[in-house]
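Q: Please zoom in on the side-chain contacts in this one, meaning charge pairs, ring pairs and anything odd around the cysteines. Keep it casual, but give me the cut-offs as you go.

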Amino acid sequence: MELELYGADDKFYSKLDQEDALLGSYPVDDGCRIHVIDHSGVRLGEYEDVSKVEKYEISPEAYERRQNTVRSFMKRSKLGPYNEELRAQQEAEAAQRLSEEKAQASAISVGSRCEVRAPGQSLRRGTVMYVGLTDFKPGYWVGVRYDEPLGKNDGSVNGKRYFECQAKYGAFVKPSAVTVGDFPEEDYGLDEM
């Protein structure tokens, strides 16, 4: 490849062809540009499609036999998924959370009026439309049809329908955020206008 130095006025100054010279030894000033001429034969965009680049692959068995890998270090140090005590503790905590959520969810019945106090959101009222496990996230969830378009969906998530409602009126919240009771729809006096 060749390097050429051009001034701010696009006038050719010199070739940068001395391998051991520092950039400061050339007449470089503010506004100058270095033009690169590539003689390697590489075409523009040739390496942008990474699927065409040959990659090194190793079989899982061969990787398992190696001693200087991240996996072998984590196994020796009992880190991450290889820390059986921590994994057992996390599984016990998850089971405890699931048990608590199940108990909270069992007190909520479909068709009940409710208030939702989700963290970082204003108080919202609606009707319970679904209570149970879902495919989109682990644990128990309560599907609520809000009285106003404050939701995120229409009762379906990732193509699976859990209940019916208008778009932006449906939401799923954890049972701990739901309070069931006599919560009539709020009248904002908009009908009187």
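A: Let's start with E115, which is buried at 8% relative accessibility (buried means under 20% relative accessible area, exposed over 50% and partly exposed in between, with a 1.4 Å probe and protein chains only). Its partner R117 comes out as exposed, at 53%. The two side chains meet in a salt bridge, 3.6 Å from N to O (that is, a side-chain nitrogen of Lys or Arg within 4 Å of a carboxyl oxygen of Asp or Glu). Elsewhere, E2, E4 and K15 are joined into one network by salt bridges that share partners.

Before going further, the ground rules. This is a predicted model, so local features need pLDDT of at least 70 and side-chain atom pairs count only at pLDDT 80 or more, while totals for chains, interfaces and linings use all residues. Residues are numbered from 1 along each chain as its sequence is written, and side-chain values use heavy atoms, with hydrogens and water left out.

On confidence, the protein averages a pLDDT of 89, and 96% of the residues score at least 70 (pLDDT is the predictor's confidence in each residue, from 0 to 100). Among its elements, helix α2 (residues 70-77) has the lowest mean pLDDT, 90, whereas strand β6 (residues 140-146) has the highest, 96. Helices (H or I, at least four residues) and strands (E, at least two) are DSSP runs, numbered from the N terminus.

Back to the charges. Searching the whole structure turns up 13 salt bridges. One of them pairs K15 with E4 at 3.3 Å, N to O. K15 belongs to strand β2 (residues 12-15) and E4 to strand β1 (residues 2-6), so this contact ties together parts 11 residues apart in sequence. The two ends are not equally open: K15 is partly exposed, with a relative accessible area of 36%, while E4 is buried at 11%. R71 and E64 make another salt bridge, their closest N and O atoms being 2.9 Å apart. Here R71 is partly exposed at 28%, and E64 is partly exposed too, at 39%.

Now the rings. There are eight aromatic pairs (rings of Phe, Tyr and Trp, the last by its six-membered ring, with centres within 6.5 Å; planes under 30 degrees apart are stacked, over 60 edge-to-face and the rest tilted). Y6 and F12 have ring centres 5.6 Å apart and planes at 70 degrees, so they count as edge-to-face. Y6 is buried at 16% relative accessible area, but F12 is partly exposed at 41%. Y130 and Y162 also pair edge-to-face, at 5.2 Å centre to centre and 65 degrees between the planes. That pair links distant parts of the chain, 32 residues apart: Y130 is in strand β5 (residues 124-133), and Y162 is in the loop between β8 (160-161) and β9 (170-173). Both ends are tucked away, Y130 being buried at 18% and Y162 buried at 11%. Y130 and Y162 also belong to a cluster linked by ring pairs, along with F136, W141, F163 and F172.

Charges and rings meet as well. The charged end of R33 sits over the ring of Y6, 4.4 Å from its centre (the test is NZ of Lys or CZ of Arg within 6 Å of the ring centre and within 35 degrees of the ring normal). So Y6 has two contacts of interest: the edge-to-face pairing with F12 and the charge of R33 over its ring. R124 does something similar with Y146, lying over its face at 5.6 Å from the ring centre.

As for cysteines, the structure holds zero disulfides (a disulfide would be a pair of cysteine sulfur atoms within 2.5 Å). C114 is in none, and the nearest cysteine sulfur to it, from C165, is 12 Å away. C114 is also buried, with 0% relative accessibility.

Zooming out for context, the protein splits into domain 1 (1-53), domain 2 (56-106) and domain 3 (108-180), with bounds from an automatic or database domain assignment. Taken over C-alpha atoms, the centres of domain 1 and domain 2 are 50 Å apart. One last spot is D17, in the loop between β2 and β3 (33-37), where it is exposed at 54%. The C-alpha atoms of D17 and V50 are separated by 33 Å, with their positions 33 residues apart along the chain.
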